[in-house]
Amino acid sequence: EKAVRISKEYGYDYEYKNITYKKYREELELYVGVAEYYNLPLVFINKKYVGHYSEWAQYIEDHMGGFGDQPI
């Protein structure tokens, strides 16, 4: 929920995929190891793994200008 909130807040388009559905879980397993998705959320940009919520928040901060001037 926090990852979705900051995505909306900072104007990033996103697609939420619920891995309780087998097709999304199988898709995720193509990108990360099976054990990795037990720590959610997992954030990807153009199919490239960014990380979990804290890495996503850091990515937004690093790419929105100001570089650390605004808390997330």
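Helices here are DSSP runs of H or I with at least four residues, and strands are runs of E with at least two.

**Figure 1. Overall layout of the predicted model.** The model is predicted, not experimental. By that assignment the protein has 3 helices and 2 strands. Read from the N terminus, the order is α-α-β-β-α. The chain counts 72 residues, and 22% of them are buried. Among contacts with a separation of 6 or more, 29% join residues 24 or more positions apart.

**Figure 2. The largest nonpolar core.** Seven residues build this core: Ala-3, Ile-6, Val-43, Tyr-53, Trp-56, Ala-57 and Ile-60. Helices α1 (2-9) and α3 each contribute at least two of them. The largest share is that of α3, with 4 residues. Val-43 also belongs to the core. Beyond its neighbours within four places in sequence, Val-43 touches Lys-48, Tyr-49, Val-50, Gly-51, His-52 and Trp-56.

**Figure 3. The buried side of α3.** Helix α3 spans residues 53-63. Its buried residues are Tyr-53, Trp-56, Ala-57, Ile-60 and Glu-61. They span an arc of only 135 degrees around the axis, so they lie on the same side of α3. An α-helix has 3.6 residues a turn, so residues three or four places apart point the same way. The packing partners of the buried α3 residues are α1, β1 (43-45) and β2.

**Figure 4. The buried side of α1.** In this helix Ala-3, Ile-6 and Ser-7 are buried. Their arc around the axis is only 105 degrees, which places them on the same side of α1. Helix α3 is included in what covers them. Just after α1 comes Gly-11, with a positive phi of about 75 degrees.

**Figure 5. Aromatic pair Tyr-21 and Tyr-24.** The structure contains 4 aromatic pairs. In this one, the ring centres of Tyr-21 and Tyr-24 are 6.3 Å apart. Their planes meet at 90 degrees, so the pair is edge-to-face. The cut-off for that class is over 60 degrees. Tyr-21 is exposed, at a relative accessible area of 51%. Tyr-24 is partly exposed, at 24%.

**Figure 6. Stacked rings of Trp-56 and Tyr-59.** Here the centres are 5.6 Å apart and the planes differ by 15 degrees, a stacked pair. Both residues belong to α3, 3 residues apart, which means about one helical turn separates them. Trp-56 is buried, with a relative accessible area of 5%. Tyr-59 is partly exposed, with 27% relative accessibility. Together with Tyr-12, Trp-56 and Tyr-59 make up one aromatic cluster.

**Figure 7. A lysine over a tyrosine ring.** The charged end of Lys-2 sits over the ring of Tyr-53. It lies 4.6 Å from the ring centre. Tyr-53 is one of the buried residues of α3. Tyr-53 also takes part in the largest nonpolar core.

**Figure 8. His-52 ahead of α3.** His-52 sits in the loop between β2 (48-51) and α3. With 14% relative accessibility, His-52 is buried. Its side chain makes a polar contact with the side chain of Tyr-49, at 3.4 Å. Both His-52 and Tyr-49 are in contact with Val-43.

**Figure 9. The loop between β1 and β2.** Asn-46 lies in this loop. So does Lys-47. Most residues other than glycine have a negative phi. Asn-46 has a positive phi of about 50 degrees, though it is not a glycine. Lys-47 is not a glycine either, and has a positive phi of about 65 degrees. Asn-46 is exposed, at 76% relative accessibility. Lys-47 is exposed too, with a relative accessible area of 60%.

**Figure 10. Leu-28 and Lys-47.** Leu-28 belongs to helix α2 (residues 22-31). Leu-28 is buried, with 9% relative accessibility. Lys-47, by contrast, is exposed. The two residues are 19 residues apart along the chain. Their C-alpha atoms are separated by 9.8 Å.

Methods:
Residues numbered from 1 in each chain as written. Predicted model: local features only at pLDDT ≥ 70, side-chain atom pairs only at ≥ 80, totals over all residues. Heavy atoms only, no water. Phe/Tyr/Trp six-rings, centres within 6.5 Å; stacked < 30°, edge-to-face > 60°. Buried < 20%, exposed > 50% of the residue type's maximum accessible area, 1.4 Å probe, protein only. Lys NZ or Arg CZ within 6 Å of the ring centre and 35° of its normal. Polar contact = N/O pair within 3.5 Å; in protein donor to acceptor, adjacent residues only side chain to side chain. Core = buried A, V, L, I, M, F, W, Y, C linked by side-chain atoms within 4.5 Å. Contact = heavy atoms within 4.5 Å. Arc of directions from axis to C-beta.
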